[in-house]
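Dear colleague,

I am handing over the structure we spoke about, and I would ask you to keep it open while you read the notes that follow.

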Amino acid sequence: VQLVESGGGLVQAGTSLRLSCVAFPSTSGINVMAWYRQAPGKQRELVASMPIGGGFTKLADSAKGRFYISGDSAKNTMYLEMDGLRPEDTGVYYCHADASVGGTAVGFWGRGTQVSVSS
C-alpha cells in the first residue's frame, strides 16, 4: 500500500484546510486509517482515526470540535477537514494505514504534508 498526502500549506490562524490521503492501489485490506501530526521537536501524535467500512472515529482532545475525519471509498481517499486552525496545529501531517497483508498486520506511512499556521 502506498499512501499519498496532499492539501497542506501555510495559512493564518482561524482559517481552514482539508488534507487528503489517497491509498494506492486501493483501501482493500486496510482496517484503519489515521492522521498523525509531528510538530517541530516533538513526537508524532495521533490526531484522528477511522475504521474502513464504517464505525466510530477517534479524535485527539485538541482536535475535537475543530477537525473532522472522513473517507470516500470510491476514491480510496481519507480526508481531514481542519477548521479554526491554531499556531499549535503546525506540523507535518502523516497518513497511516493498518492493513492485513497475507494474514499479517502491517502498518504503512505516507511521506507527510506540511501544515503551518501563522498567528
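**The aromatic pairs**

A search of the whole structure, which is a predicted model, finds two aromatic pairs. In one of them, Y36 and W109 meet edge-to-face, with 5.0 Å from centre to centre and 65° between the planes. This pair links distant parts of the chain, since Y36 belongs to strand β4 (residues 30-38) and W109 to strand β10 (residues 104-109), 73 residues apart. Y36 has a relative accessible area of 21%, and is therefore partly exposed, because the buried class ends under 20%. W109 is likewise counted as partly exposed, at 41% relative accessibility.

The other pair is formed by Y94 and W109, which are also edge-to-face, at 6.3 Å centre to centre and with 90° between the planes. Because Y94 lies in strand β9 (residues 91-101) and W109 in strand β10, this pair ties together parts that are 15 residues apart in sequence. Y94 has a relative accessibility of 14%, so this residue counts as buried. Taken together, the ring pairs link Y36, Y94 and W109 into a cluster.

When you look at this cluster, please look at R44 as well. Its charged end sits over the ring of Y94, 3.6 Å from the centre of that ring, and the charged end of R44 also sits over the ring of W109, 4.5 Å from the centre there.

**The chain as a whole**

How many helices and strands does the chain have? There are zero helices and eleven strands, so that, when the sequence is read along, the pattern is β-β-β-β-β-β-β-β-β-β-β. The C-alpha atoms fill a box of roughly 45 × 25 × 25 Å, taken along the principal axes. For 119 residues, a compact globule would have a radius of gyration near 14 Å, and the chain agrees with this because its own value is 14 Å. Of these 119 residues, 39% count as buried. If you consider contacts between residues at least 6 apart in sequence, 53% of them join residues that are at least 24 apart.

**An open sheet**

Four strands make up an open sheet in the order β1-β3-β8-β7, and their pairing is antiparallel. At the edges of this sheet are β1 (2-6) and β7 (67-72), each of which pairs on one side only. From one strand to the next, the twist averages 15°. You can follow the pairing in detail at β7, which is joined by six bridges to the antiparallel strand β8 (residues 77-82); as one example, I69 has L80 in β8 as its bridge partner.

**A residue to look at: S49**

S49 is part of strand β5 (residues 45-51). Is this residue buried or exposed? It counts as buried, because its relative accessibility is 10%, and the buried class covers values under 20%. What does S49 touch, if residues up to four places away in sequence are not counted? The residues it touches are V32, M33, A34, T57, K58 and I69, and I69 is the residue whose bridge partner in β8 is L80. For a sense of separation, S49 and D89 are 40 residues apart in sequence, and their C-alpha atoms are 17 Å apart in space.

With kind regards

Terms used: Residues numbered from 1 in each chain as written. Predicted model: local features only at pLDDT ≥ 70, side-chain atom pairs only at ≥ 80, totals over all residues. Heavy atoms only, no water. Pairing = 2+ DSSP bridges. Helix = DSSP H or I, 4+ residues; strand = E, 2+ residues; numbered from the N terminus. Axes fitted to C-alpha atoms, helices over the stretch in contact; angles between N-to-C directions. Buried < 20%, exposed > 50% of the residue type's maximum accessible area, 1.4 Å probe, protein only. Contact = heavy atoms within 4.5 Å. Phe/Tyr/Trp six-rings, centres within 6.5 Å; stacked < 30°, edge-to-face > 60°. Lys NZ or Arg CZ within 6 Å of the ring centre and 35° of its normal. Rg over C-alpha atoms; globule rule 2.2 N^0.38 Å.
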